Protein chains: 2
Amino acid sequence: MKLSTRTRYGFRAIMELAEDYGHGPLQLNVIAKRQDISLKYLEQLMAVLKSAGFVRSVRGAKGGYILAKAPNQIKLSDIFNALEGPIVTVECVGDKSQCSRAVDCVTRELWMQVQDAIEKVLELMTLHLQELADKAQKSKMSSYQI
Amino acid sequence: MKLSTRTRYGFRAIMELAEDYGHGPLQLNVIAKRQDISLKYLEQLMAVLKSAGFVRSVRGAKGGYILAKAPNQIKLSDIFNALEGPIVTVECVGDKSQCSRAVDCVTRELWMQVQDAIEKVLELMTLHLQELADKAQKSKMSSYQI
DNA sequence: TGTATTCCTACTTCATTAGTAGTATATACA
DNA sequence: TGTATATACTACTAATGAAGTAGGAATACA
């Protein structure tokens, strides 16, 4: 179980926007250069983040992306869900009809508990971007490579 | 983030062995038939479980597989680790040299916390197979499809 | 010896991830 | 109004890993 680059890159991009919050739109080529991500790939990730409502875009010259909410209102678990998708241990946890034995299934119960626990963790681990951005700015290298 | 069939099938096989514990070796073709898993694929999964020390094998006619430890000594988290591999959010969590910015990295710290939390959950969720097997046997359908 | 079983290795197929590419569309600004 | 600068959209490609198939060798029982 590893994080995809989607999640890692997307998170980095969000961090850049958070740090830049209040200074108007930030261009993807700037983020791409700073974070060493392919611009074209980043465009696609941003489309996901945009449709998920985390960022707004401004087209044309001097355009770019802006956080849709204030940094301190965007949670890690939200971003995680948008980019990585929901945590699913096994199909039958979300959809009983996936398996004919689900009704009596003992381990389905078990996996449900595991899944709930992980989701709660991510909920609890939800850090406000502002905190991270602040910390990153204090750090000499201003680094938050993920 | 979804469980692989490796983990699901492997877990089912372990459950079969747990239920059968004390009755000599159980053949893979029996497990394959009961759990509707390809025998050839199951063979490969069992090789993993064997090298991880969860099962012992007996070759030749009347051979098969036996749990290496008593069911109540095998934990879910162990099996999970053997089949699914360790939980790794990002490479740099386990190996700082993966990323030049790791030393000062703020979000590396964050992902480390996430990872630790998930691992603790799996540790806590560790159920003894005996309990599951007992429950499964009480259930009319004796089902534990994962 | 014959049959049943694990063991070992290689191959195939499919889906997903990661990334590239080209073009259309919108906007600022000279 | 023309041009440079952005995002938007769609299609394609390459690499990787997951899932499964296949064949035969080694082993042990009867």
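Which residues of helix α4 (residues 76–84) of chain A are buried? I started my notebook with this one, and I kept in mind that I was looking at a predicted model.

**Entry 1: helix α4 in chain A**

I went along the helix and wrote down the buried residues: Leu76(A), Ser77(A), Ile79(A), Phe80(A), Leu83(A) and Glu84(A). Next I looked at where they point. They sit on the same side of α4(A), because they cover an arc of only 160° around the axis. My textbook reminder fits in here: an α-helix has 3.6 residues a turn, so residues three or four places apart point the same way. Then I checked what comes after the helix. α4(A) is followed by Gly85(A), and the phi of Gly85(A) is positive, near 85°.

**Entry 2: helix α4 in chain B**

I repeated the search in the other protein chain. In helix α4 (residues 76–84) of chain B, I found Leu76(B), Ser77(B), Ile79(B), Phe80(B), Leu83(B) and Glu84(B) to be buried. These residues lie on the same side of α4(B), since their arc around the axis is only 160°. Here the helix is followed by Gly85(B), with a positive phi near 85°.

**Entry 3: Thr7(B)**

Is Thr7(B) buried or exposed? I placed the residue before answering: Thr7(B) belongs to helix α1 of chain B. Its relative accessible area is 2%, and the cut-off for buried is under 20%, so Thr7(B) counts as buried. I also wanted to know what Thr7(B) touches. Leaving out residues up to four places away in sequence, I noted Trp111(A), Phe80(B), Leu83(B) and Glu84(B). Two names here were familiar from my previous entry, as Phe80(B) and Leu83(B) are among the buried residues of α4(B).

**Entry 4: Gly94(A)**

I then looked up Gly94(A), which lies in helix α5 (residues 91–94) of chain A. Gly94(A) is exposed, because its relative accessible area is 72% and the cut-off for exposed is over 50%. I also checked one distance from here. Gly94(A) and Met112(A) are 18 residues apart along the chain, and their C-alpha atoms are separated by 8.6 Å.

**Entry 5: chain A as a whole**

How many helices and strands are there in chain A? I counted seven helices and two strands. Read from the N terminus on, the elements run α-α-α-β-β-α-α-α-α. Chain A has 146 residues, and buried residues make up 49% of them. I also looked at contacts with a separation of 6 or more: 64% of these in chain A are between residues 24 or more positions apart. For the surface, I noted that chain A exposes about 7,300 Å², with carbon and sulfur atoms supplying 49% of it.

**Entry 6: DNA strand C**

Which residues are closest to DNA strand C? I found 26 residues around this strand, and the closest are Lys40(A), Gln44(A), Lys50(B), Ser57(B) and Tyr65(B). I then looked at the strand's own atoms within 4 Å of the protein: 61% belong to sugar or phosphate, and the rest belong to bases.

Three atom pairs went into my notes. A polar side-chain atom of Gln44(A) is 2.3 Å from a base oxygen of DNA strand C. A polar backbone atom of Ala61(A) is 3.1 Å from a base oxygen of this strand. For Ala61(B), I noted a polar backbone atom 3.5 Å from a base nitrogen of DNA strand C.

α3(B) gives the most to the surface near DNA strand C, with four residues. Sorted by class, this surface has seven nonpolar, eleven polar and eight charged residues.

**Entry 7: DNA strand D**

I ended with the other strand. 25 residues surround DNA strand D, and Lys50(A), Ser57(A), Tyr65(A), Lys40(B) and Gln44(B) are the closest. Of the strand's atoms within 4 Å of the protein, sugar or phosphate accounts for 63% and bases for the rest.

Again I wrote down three pairs. Leu28(A) has a polar backbone atom 2.9 Å from a phosphate oxygen of DNA strand D. Ala61(A) has a polar backbone atom 3.0 Å from a base oxygen of this strand. Ser38(B) has a polar side-chain atom 3.1 Å from a phosphate oxygen of DNA strand D.

Which element gives the largest share of the surface near DNA strand D? I found that α3(A) does, with four residues. By class, I listed seven nonpolar, eleven polar and seven charged residues for the surface near DNA strand D.

Definitions and conventions:
Residues are numbered from 1 along each chain as its sequence is written. Chains are lettered from A and ligands numbered from 1 in the order in which they are written. This is a predicted model: local features need pLDDT of at least 70, side-chain atom pairs count only at pLDDT 80 or more; totals for chains, interfaces and linings use all residues. Side-chain values use heavy atoms; hydrogens and water are left out. A residue is near a molecule or strand if one of its heavy atoms lies within 4 Å of it. A polar contact is a pair of N or O atoms within 3.5 Å; within protein, one must be able to donate a hydrogen and the other to accept it, and residues adjacent in sequence count only if both atoms are side-chain atoms. Ala, Val, Leu, Ile, Met, Phe, Trp, Tyr, Cys and Pro count as nonpolar, Asp, Glu, Lys and Arg as charged, and the others, Gly among them, as polar. Buried means under 20% relative accessible area, exposed over 50%, partly exposed in between (1.4 Å probe, protein chains only). Contact means heavy atoms within 4.5 Å. Accessible areas come from the Shrake-Rupley method with a 1.4 Å probe; for residues, only the protein chains shown count as cover. The arc is that of the directions from the helix axis to the C-beta atoms.
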